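Student: I am new to this structure and would like to go through it step by step. Could we begin with the empty spaces inside and then turn to the rings and the backbone?

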Amino acid sequence: MGSRVINHPPAGQVVRARMTGSQRRSQLIEIGRGLFAARGLDATTIDEIAAAAGVSKPVIYEHFGSKEGLYTQVVELEFRILLEAINASLAAEAKPRVLVEQAALALLGYIEERSDGFRILMRDAPPSRPEGAFSTLLSHVADRVEGLLADEFSRRGFSAADGAMYAQMLVGMVAMTGQWWLDHREPDKRVVAAHLVNLAWNGLTGLQKDPELRSEG
């Protein structure tokens, strides 16, 4: 009876476990996210993505159809993560000021944890969102904020119709500050959020010298 021959890998060679289709797809999305954030859609090539992932180009085509298909999947993932975070921050029962604080913290927290994703959302528009992913997201958030401001405006005797305009102002202010904070990272996000709401609620004539968040205490 012949003995069974077992082939061992050469000394020092690392044996990589074969990825499932889902694992490979997630890997390519993660690698694509980093490259797209650093270089942009047009400057990133399929060859670079394949080399970074250790696969051949046909593997990328098999999963996404094209470089643009991969980019779209990256954008949709980041869009969903950020929108879910902001929606969750606005879902609690709290006063409008506290909800705006929480929304600002949600955006800044996303920027802190997923900087590459934020850079992508602000950059090239994928075919699925020709108007721009970040613009689409801000429109969603502005609609939510408008509803939150309606009761506050009514209580103060202001026109409810003005809520849409003020919602755009609030969301735009937070979004622009987030873009600035992306590269500065100072001061701490909680300090930034406190100053944002300080300006939004008190105005330039009523600014507090050392504002604090109402949602933390």
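Student: Which residues line the second largest cavity?

Tutor: This is a predicted model, in which local features need pLDDT of at least 70 and side-chain atom pairs count only at pLDDT 80 or more, while totals for chains, interfaces and linings use all residues. Residues are numbered from 1 along each chain as its sequence is written, and side-chain values use heavy atoms, with hydrogens and water left out. On a 1 Å grid over the protein atoms alone, a cavity is a set of points where a 1.4 Å probe fits but cannot get out, and lining residues have an atom within 4 Å of a point. By that rule the second largest cavity is lined by Leu90, Pro96, Leu99, Val100, Val145, Leu148 and Leu149.

Student: What classes of residue make up that lining of the second largest cavity, nonpolar, polar or charged?

Tutor: Ala, Val, Leu, Ile, Met, Phe, Trp, Tyr, Cys and Pro count as nonpolar, Asp, Glu, Lys and Arg as charged, and the others, Gly among them, as polar. Helices are DSSP runs (H or I, at least four residues) numbered from the N terminus, and α5 and α7 each supply at least two residues of this lining. By class, the lining of the second largest cavity has no polar and no charged residues, and the nonpolar ones number seven.

Student: What is the volume of the largest cavity?

Tutor: The count comes to two cavities of 30 Å³ or more, and the second largest has a volume of about 30 Å³. A volume here is the space filled by probe spheres set on the grid points, which are joined across faces, edges and corners. For the largest cavity this gives about 150 Å³.

Student: Which elements give two or more residues to the lining of the largest cavity?

Tutor: The largest cavity is lined by 14 residues, of which Ala103, Ala104, Val141, Val171 and Val174 lie nearest its centre. By class, its lining has 14 nonpolar, no polar and no charged residues. The elements giving two or more residues to it are α5 (96-113), α7 (133-155) and α8 (163-184).

Student: Which element gives the most to the lining of the largest pocket?

Tutor: A pocket, unlike a cavity, is an open set of points with protein on both sides within 12 Å along at least five of seven lines, and the largest one has a volume of about 320 Å³. Its lining, which includes Glu152, Arg156, Tyr166 and Trp201, divides into nine nonpolar, no polar and two charged residues. Two or more residues come from each of α7, α8 and α9 (189-202). The element that gives the most, with four residues, is α8.

Student: Why does the pair of Phe36 and Tyr71 count as edge-to-face?

Tutor: Rings of Phe, Tyr and Trp (its six-membered ring) pair if their centres lie within 6.5 Å, and planes under 30 degrees apart count as stacked, over 60 as edge-to-face and the rest as tilted. By this rule there are three aromatic pairs. The pair of Phe36 and Tyr71 links distant parts of the chain, with Phe36 in helix α1 (residues 21-39) and Tyr71 in helix α4 (residues 67-89), 35 residues apart. The centres of the two rings are 4.9 Å apart, and the pair is edge-to-face because the planes stand at 85°.

Student: Is Phe36 buried or exposed?

Tutor: Buried means under 20% relative accessible area, exposed over 50%, and partly exposed in between (1.4 Å probe, protein chains only). Tyr71, the partner in the ring pair, has a relative accessible area of 1% and is buried. Phe36 has 1% relative accessibility, so Phe36 counts as buried.

Student: Where does Arg185 lie?

Tutor: The charged end of Arg185 sits over the ring of Trp181, 5.4 Å from its centre; the rule asks for NZ of Lys or CZ of Arg within 6 Å of the ring centre and within 35 degrees of the ring normal. Most residues other than glycine have a negative phi, and most peptide bonds are trans. Arg185 has a positive phi of about 60° although it is not a glycine, and the peptide bond from Glu186 to Pro187 is cis, with omega near 0°. Arg185 lies in the loop between α8 and α9.
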